[in-house]
Structures are given as structure tokens and as C-alpha cells.
4 protein chains.
Amino acid sequence: MKDIHAMMPTTARLALGKVGITGVRKPLNILRPERMQPLSATFQVFVDLPESRKGSDLSRNAQILAEVVDETVLHPSPSLEAACATIARELLTRHSYATDAEVTAEAEYFLRRGISPDKQSLEDFTLVGKAWAHRDDGVTVVRKAIGAEAVGTTACPCAMETCREELAREYPELSRKTLSEMPVVTHNQRNRTRLTLILPENVEVEADEILEVIEASQSAPTYAILKRGDEGRLVLMAHRKPRFVEDVIRSALYLTGKKFAHLPDDVEVEAETQSEESIHKYDVRAEHRATLGELKGLLPG
Amino acid sequence: MKDIHAMMPTTARLALGKVGITGVRKPLNILRPERMQPLSATFQVFVDLPESRKGSDLSRNAQILAEVVDETVLHPSPSLEAACATIARELLTRHSYATDAEVTAEAEYFLRRGISPDKQSLEDFTLVGKAWAHRDDGVTVVRKAIGAEAVGTTACPCAMETCREELAREYPELSRKTLSEMPVVTHNQRNRTRLTLILPENVEVEADEILEVIEASQSAPTYAILKRGDEGRLVLMAHRKPRFVEDVIRSALYLTGKKFAHLPDDVEVEAETQSEESIHKYDVRAEHRATLGELKGLLPG
Amino acid sequence: MKDIHAMMPTTARLALGKVGITGVRKPLNILRPERMQPLSATFQVFVDLPESRKGSDLSRNAQILAEVVDETVLHPSPSLEAACATIARELLTRHSYATDAEVTAEAEYFLRRGISPDKQSLEDFTLVGKAWAHRDDGVTVVRKAIGAEAVGTTACPCAMETCREELAREYPELSRKTLSEMPVVTHNQRNRTRLTLILPENVEVEADEILEVIEASQSAPTYAILKRGDEGRLVLMAHRKPRFVEDVIRSALYLTGKKFAHLPDDVEVEAETQSEESIHKYDVRAEHRATLGELKGLLPG
Amino acid sequence: MKDIHAMMPTTARLALGKVGITGVRKPLNILRPERMQPLSATFQVFVDLPESRKGSDLSRNAQILAEVVDETVLHPSPSLEAACATIARELLTRHSYATDAEVTAEAEYFLRRGISPDKQSLEDFTLVGKAWAHRDDGVTVVRKAIGAEAVGTTACPCAMETCREELAREYPELSRKTLSEMPVVTHNQRNRTRLTLILPENVEVEADEILEVIEASQSAPTYAILKRGDEGRLVLMAHRKPRFVEDVIRSALYLTGKKFAHLPDDVEVEAETQSEESIHKYDVRAEHRATLGELKGLLPG
């Protein structure tokens, strides 16, 4: 059988940065401290292609994915990003002509959460795993990334002040002191924040800790089960901690520096947060990248 | 050339309810009172298929769409639903074997709106047009539908009362009377409401009037341009009109009965409203169908 | 605490058809013949609302969902639609003012499939479960639905004939007989077909059997792992069974009548199929509803 | 009124890379050689934020967008990317504290196309405009990007050879010579290719020329109106030019070097192409970035 992929390119002799498969859905098992967690992940799997080959052997990518995933049935992977790292290494082994491999995976992730111990239920979050393998002179080096995303709520600090001033005018009988202390109406919205740490292969980070950082940075987390009194508590909690997206992302980055202060300074941190504004038809968004070293520098003395 | 479509079905002799093309994007022009409005619509175009034919001649559907759309460059269509009605009739003409045709179109629609005359900008809404043609004994009857959707905001009336009670406990110095009158914190969210009227072909309804009904039914409309003071005004307005989705849909239906009281009683009205909750990760939704006659019955004697 | 939901409606005294929550993501376990299958489902949960109540107690919906889902950790549900039926019953129990409940769930579902026993991997499908509970005079009756969707491939029978005629003209040395027997170029595309059966509560249908019907109706199934020779085999298989969407849907309905002939005649069957055309920017689609009785009538005497 | 945005950050003193608004839909008019073209674009608009400010004045972003868009009603913008550049400059003018602005816009774009002059209709494509403004020492420099995306079709060259070998075995009466020359069955799919050029502000590129490059690089373009004979012609055309995604992207980059050889060598070119495989449930994708200088180096001496 002719090996069309191994032939010379017919359109132009140009090495390509990334060739691969995307949107591959796979179930896999990862190990959590006290249990096995089934995940359904969407994978993207790429290698580079030298200028001398017409095509990349993409069936190998699907084959590796299937093998790694099957293996987790018996031996769960320590984490989504560890599974990505295994796949990235294996890609370079089987695509002997490639020097770079990239694997990304995104999966829904459920954690038991609630506004009180008796109102807990499974809340959905997003897990992100990534890995890059680079081969140089026969040696393969792997970097990986772990990310997580949580949906929470934000209350706008600016509109709250404007409303406070307006209420002071409209209700002169209100004590200035009380009005300045009490939570006041503003707009609030669904906020989606994602935090990703890019790490050497041997450094471990726990996704649940990333989610704790995110939830602590929003005005409040959100929950499926809220009885009448709980709704009020959550609303008051959010309005006592009004936050712009700028506040959310700065807080998430600051707390990352604090919680992961034991990790190396050259760990890279990516943060992004988006609020689906309730008073506009569009969203508000902030993005920032920093090294963990920079973030540790924000910590007091 | 063999006419494969006209051959007998090879898998089973079964008449089919709907065969057609979907996701067809087309630009077209419609007439507004004082201007020509360009729209980009997504069309779905179906006819039925008798048990004696293997296939429907789908290239005719694309051809009709292209012709009707091209015609609007020179002669704008009176409305999106009128264009649908024209296409539905033409489908039955060219698919001589069919007795039913269905056309639906959805398009983004911009209107100049703002919280004050000097802060206006183009806000985006959705227009829906539909038409059904039925041929019986050589006579074709067409019904059509016009719908519109607006994104606005809602403030929850229940959490507001819970928070009012909680604030009363926490700030005993607050006058009961003032507290009961002033807008109090609650959760608010992006709300999406759609209202559709199903009409005889010769009855005209103006989409802008449907959008007015929707915006009057939400806690407040939303706008692109809100300077600091405006944000406060909008927030207070929404909190002075707290609404469940149940309130939004009931109001939209009630106001439909009022605004379109001159239309026949057998006009059907479909309403749906969805709030992207800021304190939950899921949405809250209400749907209802009624005849215009039922809705008129809600009006005060 | 004031019960705002139980108050009289403030906007209009109108009973509402459906009020509920949508987009609720939940993991649950269902029983398969030889294993427990974890699923992540998206739920929609509705009840009706009488004209005398301002709001529906939506926190109950979330509570029921959480309880039913938690219960499956210890005692897996027999199926997704059985879980829906349990939820629908429970909705009517806890919303004492409601007479109708509707629950729909959609989940990704993996099955081991492959072009040959040594090339198997987990392929992704979609499972659909639905249930409707209606209470009349204190008696609750539940109907349920089970659906499944598979992505496969179709090859167009019409373009194949046109190309055959063209090839005959271009290559007069080709034997008419060979040319009429061999598979010839045409366009093929990703096809997505969904089949749903609406059943009494006590009738059981196996989702895997529905998926077998769908895959047998497309030109060919699709697989993740295809080595070079397998690609050729799959391509030839698809081109030897060229199918319009009309053919796919008729075949799926016919085979449903055959495979489920032991079920009652009044079972309703809904089929829909959509091909993402490779030679057009739009999709081609067919839809049909029939009773199982009608479909059995298609079977040879 | 307190200026909350101008206050010191409350969570952490950290400069942020990007703060802005996303998903802003706006209609605008651009000038085409012989006509005014209305577009509906989705904008993303960002500036950076110094560590000394709590928030970015996002209402200014919406205001600028509205003004630039309104201006095009009377004076159409020369292009989508020119509108982005105008907005980016204006962002730095009104956010005096910012040094970087980024604007991206994506719009649907219709061109009259067809397989023959009498079968033309409006086909939909995607236009991309971007601009980055950077202020240093009072001087603002703007770079911009123009991109375009087309949906076409690809036929797999590898499966075609496998099928050719298989047909040779099955139909030994077929002449080797004819079989090696004629188009043979393979799988084909919807392919989506995007090409973007990053340019100095004063260099102009025509989107239609980018689309010509893309369509010439796929196995064939796709069209809305294809009568029976046309379908055959398009299918044969695609099968006579079978292409991997690797071929499509290399061809697109090669032809970019050729068609835009008159532009400076440091123009950057980004290409991405994705095929929605008809024989797999996942997609196949290639990405590459190069300078125009590198691409010109591929041209024959």
C-alpha cells in the first residue's frame, strides 16, 4: 500500500507548526484523594510536521488517546494534566518525525458544595489539562498546565455607590452612617473565572485548591439549592463584597501567589474572568498573565 | 440523466412530514416605516414528501431562497414574515408533489435605544418570521408568524423580601416605613424573552410593538451606553419593579392582549422567557401559549 | 418570612403551562447489563402553575434533582428515562398545586465500537430521557420517552449517478457493466440522526438497540480508529450504500417497526436526521413522526 | 459622585494586561469597490489598566463603538480593520491611563458566487478585523490585521489511493491506466479555512483576495445552488484535487506569498484549517504562522 502521508508535500515544502485532531470526546478516570472520579473530556492533540512529509499519521493520535484512556479504567490517572503529559510523550514516540507535541483537555467536574452542610449538592466546574512535549537531540522535556473554571456571582461596586448617593437624596430620613454600612442595590451577574498554572512535569497542583481561589475572589459562589433564607444570605454576602472583573482577577492572582507560594517562581499563571452583565447585552472581561514570582511579590513583607 | 429523486423509495414506502434545508444564511432587505433595513437571516425551509418519491428536490429550495432574497435588493420585503410567506407559496408551486411547506427565519435586528435621548445607540434584538403553506384541492392557504426577542434584566422579588427582613433585623435603626418603601438588594440577571404571534396571512403586526411589550414586562431594559448616574437609575428602576420569570411572561401576555386587542381572537400567542440566574449556575424558564381571545379576557371589563 | 411565591400574581391572573429550571448539569449512574455507567446529564425540569400563585417554588426542583441523582450513587437508576420518571412523579408530590410535570435529560454516552474487533475504542453517542407526569383527580399517570442519537456518514445517491454518467463519457474504455457495479465518487458528509420512542412508564426499551437501528440506516457508522486499509473499507462500504436523508429516516423508521414489533401500536416514534453537507454551506434535514402501529404496517406481510 | 474606578485597587496592586467588553454586536457600513456593504460585527474592545486604578471606564468603550459605528452610516469605513484601527486609537485617547488597546471584530460577509454565471447566489463567508494601538512616550503606533474564512470541501488523498488499490483487486477488468487517471471514491468533508495578515496601519489588503486564496486551496468551493449536473461537476472537481488539511494550509500559505508578494517581508501570516471529518466524529486541524518573507522564499526562483 502506498504511504501517501510519507510522500513529499504536493502543494509547498513548508514545515507546519501544528497538525492534529480536535473535538475528540473520551471518558477517563482520575484519582481523587478518596475516590475515583469519572470525567468526560474533550481532547485536542497536535504534533508538528517537517517540510519533507505530505501528511501527519493522525490515526496514531486517535490510537494513543484510546490506549491512554482505556488504561485509566484499570489504573486511574493521577490527574487530567498527567493524562495529557502521558499522551504528549507518546505522540513524540510514535510520530518519530515530530519534535513538538501539544495536548489539551477540558472536562466537566463536579464537587459537593452548598451554602450550608445540609444543602449540599453536586455543583459543576470545568477542569483544564494541557501538556507540551519537546524533543531536542533525543531528549524529551514535558511541561504541563492545570486549570479550573468556576461560575460565581459579582455585584458591581460602582453602581452600588451611585445608588447609595441616590437613596440618600430620596430618603433623607436614612442615617448616613447606616446607609454607608448597609449593602445597597446594584447590578449583579453571572461571572465565569478561569485560572491556569503552567508547571514543570514533576510539580503537582490540586484543582480543588484552584477552585477555592476562584470562589474566594468572586463576590460569592453560586449554588443549586438555595431555600428562601439562603437566597437572602447569599445575596447579602455578594453585596457585602462588591467586585469589578478587575477586582476578581486581581484577587485570584493575589491568592494564587499566596496559596501556591511553595511552588517555583517561574511557574506561569494565566487568569481570565468574564461577567455576563445584567444591565448590558454584552459581557465584561479581564485577562492577565504573570509569573508566580511576580505574584509572590505582592504578598505583604 | 436519471432522476434519482423521482424514483420509488428504496428503504421504505413512507410519506415524510418534513424534508428540507437548514442553516441557510441570507442577507435581505425589509421595509421599515422610514427606511430600508438590511437583515442577515438564517432560514429553514421544508416541504413534505409523498411515499412515492425517493427524494425532495432540495436545490429548488436554495434557488427560491436566492430569488426571493435577490428580489429584496430592488424591492424590499414588507417584513421578514412576509418574505417567509412568499417563499412558502413558491415552495408549493415548484414542489408539485408537496402539500405542506414550512419556512422559518431568524435575524438580528438593531433599534436605536437608550436610557436618555443623548445616550442612544443601536441595541440588538432578534426577529423571527415563519410561514406555513398548505395546499388542499388546488387551493393554497398561508399562515404566518411574527416573533421578537429582547434581552433585559430581572430583579428577584422573593430574595428582595428576604433581604428586607434581614436588614430590618441587622439595622434596627432603619425606619420600617422607609425600609418597606425603598428598593432593597436582591439578585438580578440577564433575561431573554421571546413573544410570537401566529396570524392569518393578511394581518399585519409591527415587530417594534412586540419588543415594546417585552421590554415593558422585564424589570428593566438593558442598554450599551450607561454613564455612572445612568447605571444607578437603571438599577433602581429594575429594583422598583422586581419580577420572577412568571411575572415577566404573564405581563408580556397581558400586554399583548391589550396592545393587539384589535386583532382576531383566534390569533395564537407563544411566550417564553429565560433568566440566566446570577445566584445559580442554571437558568430559570417559563413558557406559555394562549389565544389572543383568552388574553383579551384578562383585560379589565 | 413572607411567602412571595404563594401570593396572588401581580401582573395578570393567568395559569402558566411551564415554569422550571433548565441547563442543570448533574452526574448520575445508570445500570447497564453488565456494568454501572456514569453519565453527565443536562436536565430541564418543569411544572405548570395555577393562576392563583405568583411563583413556582423552583428550589424544590433543584432539591429533587439533587436527591434523585445522589440516590443513584448507591442505587443506580435502570435508565436515564427512569430517572426522569422518578423526578417527574416527585415534582407533582412536592408542588401540590401543579397537575403537570415535564422532565427532559440529555447525556453523552460511550460505547465500545470499531471497524474490527482489534480496532475498538469508545465512541460517543447521545442519550435522551424524558418523562411527563399528569395528575388528575389524585391519580398520577406517567409517560416517558427514550431517545438516542448517533453521528455517522452518508454518501449522496444522486451525485453518484451523475458522476457515473460523466465518467462513462470521459472514459469510454470503461465497461458499462463494471461502471454500473462499482462504487463511484459522490459527496459524503457527517450525518446526525436521532430516534425517540414515547412509551408507557412500564415498557422498557434498550438505548443500544435504538443506536443499532440508526447506525444501520446511515451509509456507514464512523469510528475514531481507522488504519489506512480500514479507511478504504469504510469509504467503500458507505459508497455501496448511498443514502439521502430521506433514505436514512425512512430506514430508521422501518427498522424501528421491525426491531420493536413486540411493543404496543400506540407507541409514538419521532425521527430526525441532519446531514452537514460537504458541498453546501448549509445542512439538509428530514423529520417525521409516526405511531409504531403505522411502522409495523410497513413490514412485509 | 465618587469615582470608584479611579480609586486604588482594593484586592491587589497589580497592573492588568486586558480589561474590556466582549460580544458587542454592532451594524456598520464598509466601502467595497462598487458599493456600500452593511455588516453586523461582534466586537471585543480592551485596554490595559495600571496598578494604581481600581477599574477601567468601560462605558467609554461602548461610547466609542457607538460613535464610530454611527459615523459609518454617513461615511462608510474603508474596511472592517480600518474601523478597528480607528476605535483602537480612540480608546487610547479617552483612556488616558492606558498604553495598549486591542480591538477585534468578526462579521459575516456575503459574496455573489456560483458554479456557473447563471447559478450565482450570495454565499456567506467570515471577515475578521483587528487592531492594536500602543502608546509610548506620547506617540501611538497602530498595527492591524485582516482575516477571512471560507467553508469549502476537501477529499482525502490517502483513502482515495487505498480505494483505488481495492478497486483494482475487485474489478481486475479495469484498465490500470484508466483507474490511475480517474477520480476514485474517498471521504470528503466540510472544511473551514481562515487566513489572517498582520500589517502596518497604512498597508491595504483586500478581503476578497484572501478568500480567493482560500478557495483555491481547498479541494473545491461549496455553493448554495447546484443543479444535478453541477453537483456532479463539483464532486469530480474536488476528487481531482484531493487534499489533506496539511495540503490546504500549505497551499493557502504558498498562494499568500505569491498573491501578496508586493507587501513587506515582515507582514505576519496566520493560517488555520479544520475539516469536519465525515468518517470520524472528530475534526482534523492544522495551524501555522509565518512571515510573508518566509512565504515568498517558497516561490520558484
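What follows walks through a predicted model, starting with how its chains meet and ending inside chain C.

Take chains D and B to begin with. A turn of 180°, with 0.0 Å of shift along the axis, lays chain D on chain B at an RMSD of 0.0 Å. That is the relation of a two-fold axis. Within chain D, the residue that comes closest to this rotation axis is D:Pro38, whose C-alpha sits at 3.6 Å. The two copies use the same surface, with 100% of the contact residues of chain D recurring in chain B.

As for the make-up of that contact, 22 residues come from chain D and 22 residues from chain B. On the chain D side, the elements giving two or more residues are strand 1 (16-32), strand 2 (35-49), helix 1 (58-74), strand 3 (100-113), strand 4 (121-136) and helix 6 (228-239). Helix 1 of chain D supplies the largest share, five residues. Sorted by class, the side of chain D that touches chain B holds eleven nonpolar, five polar and six charged residues.

Chain D also meets chain A. Here the contact draws 48 residues from chain D and 48 residues from chain A. Strand 1, helix 3 (157-170), helix 7 (245-259) and strand 9 (283-291) of chain D each give two or more residues to the side that touches chain A. The largest share of that side, nine residues, belongs to strand 1 of chain D. Its residues split into 22 nonpolar, 13 polar and 13 charged.

Strands pair across chain boundaries too. Strand 1 (residues 16-32) of chain A lines up with strand 9 of chain D in the antiparallel sense, over five bridges. In this pairing A:Gly20 faces D:Arg285 of strand 9 of chain D. Between chains B and C, strand 1 (residues 16-32) of chain B and strand 9 (residues 283-291) of chain C run antiparallel and are joined by five bridges. There, B:Lys18 stands opposite C:Glu287.

Strand 9 of chain C has a partner inside its own chain as well. Strand 8 (residues 268-276) of chain C pairs with strand 9 of chain C over eight bridges, again antiparallel. One of the matched pairs puts C:Thr273 across from C:Ala286. A hairpin of six residues leads from strand 8 of chain C to strand 9 of chain C.

Helices meet between chains A and B. Helix 3 (residues 157-170) of chain A and helix 6 (residues 228-239) of chain B have axes that come within 8 Å and cross at roughly 75°. The helix 3 of chain A and helix 6 of chain B axes are therefore roughly perpendicular to each other. From helix 3 of chain A, the contact uses A:Cys158, A:Ala159, A:Thr162, A:Cys163 and A:Glu166. From helix 6 of chain B come B:Arg228, B:Gly229, B:Glu231, B:Gly232, B:Val235 and B:Leu236. Together the residues of this helix contact comprise five nonpolar, three polar and three charged.

Turning to the inside of chain C, strand 5 (residues 139-155) is a good place to look. Twelve of the 17 residues of strand 5 of chain C are buried, so this strand is largely enclosed by the rest of the structure. Strand 4 (residues 121-136) of chain C runs antiparallel to strand 5 of chain C, and eleven bridges join them. Within that pairing, C:Thr126 stands opposite C:Glu149. The hairpin of these two strands has two residues between them, and C:Asp137 takes a positive phi near 60° there.

Strand 5 of chain C also pairs with strand 6 (residues 188-200) of chain C, in the antiparallel sense over 13 bridges. C:Ala148 is set opposite C:Leu195 of strand 6. With strand 7 (residues 220-221) of chain C, strand 5 of chain C forms two bridges, also antiparallel, and C:Thr153 sits across from C:Ala220.

A last stop is C:Leu28, found in strand 1 (residues 16-32) of chain C. This residue counts as buried because 24 C-beta neighbours lie inside 10 Å. Setting aside neighbours within four places in sequence, C:Leu28 is in contact with C:Leu39, C:Ala41, C:Val69, C:Thr72, C:Ser77 and C:Ala83. One of these, C:Thr72, lies 44 residues away along the chain, yet the two C-alpha atoms are separated by 6.0 Å.

How values were computed. Residues numbered from 1 in each chain as written. Chains lettered and ligands numbered in written order. Predicted model: local features only at pLDDT ≥ 70, side-chain atom pairs only at ≥ 80, totals over all residues. Contact = placed C-beta atoms within 7 Å. Helix = DSSP H or I, 4+ residues; strand = E, 2+ residues; numbered from the N terminus. Nonpolar A, V, L, I, M, F, W, Y, C, P; charged D, E, K, R; others polar. Axes fitted to C-alpha atoms, helices over the stretch in contact; angles between N-to-C directions. Parallel < 35°, antiparallel > 145°, perpendicular 65-115°, else oblique. Least-squares fit on C-alpha atoms with pLDDT ≥ 70 in both. Buried ≥ 20, exposed ≤ 12 C-beta atoms within 10 Å, placed from the backbone. Pairing = 2+ DSSP bridges.
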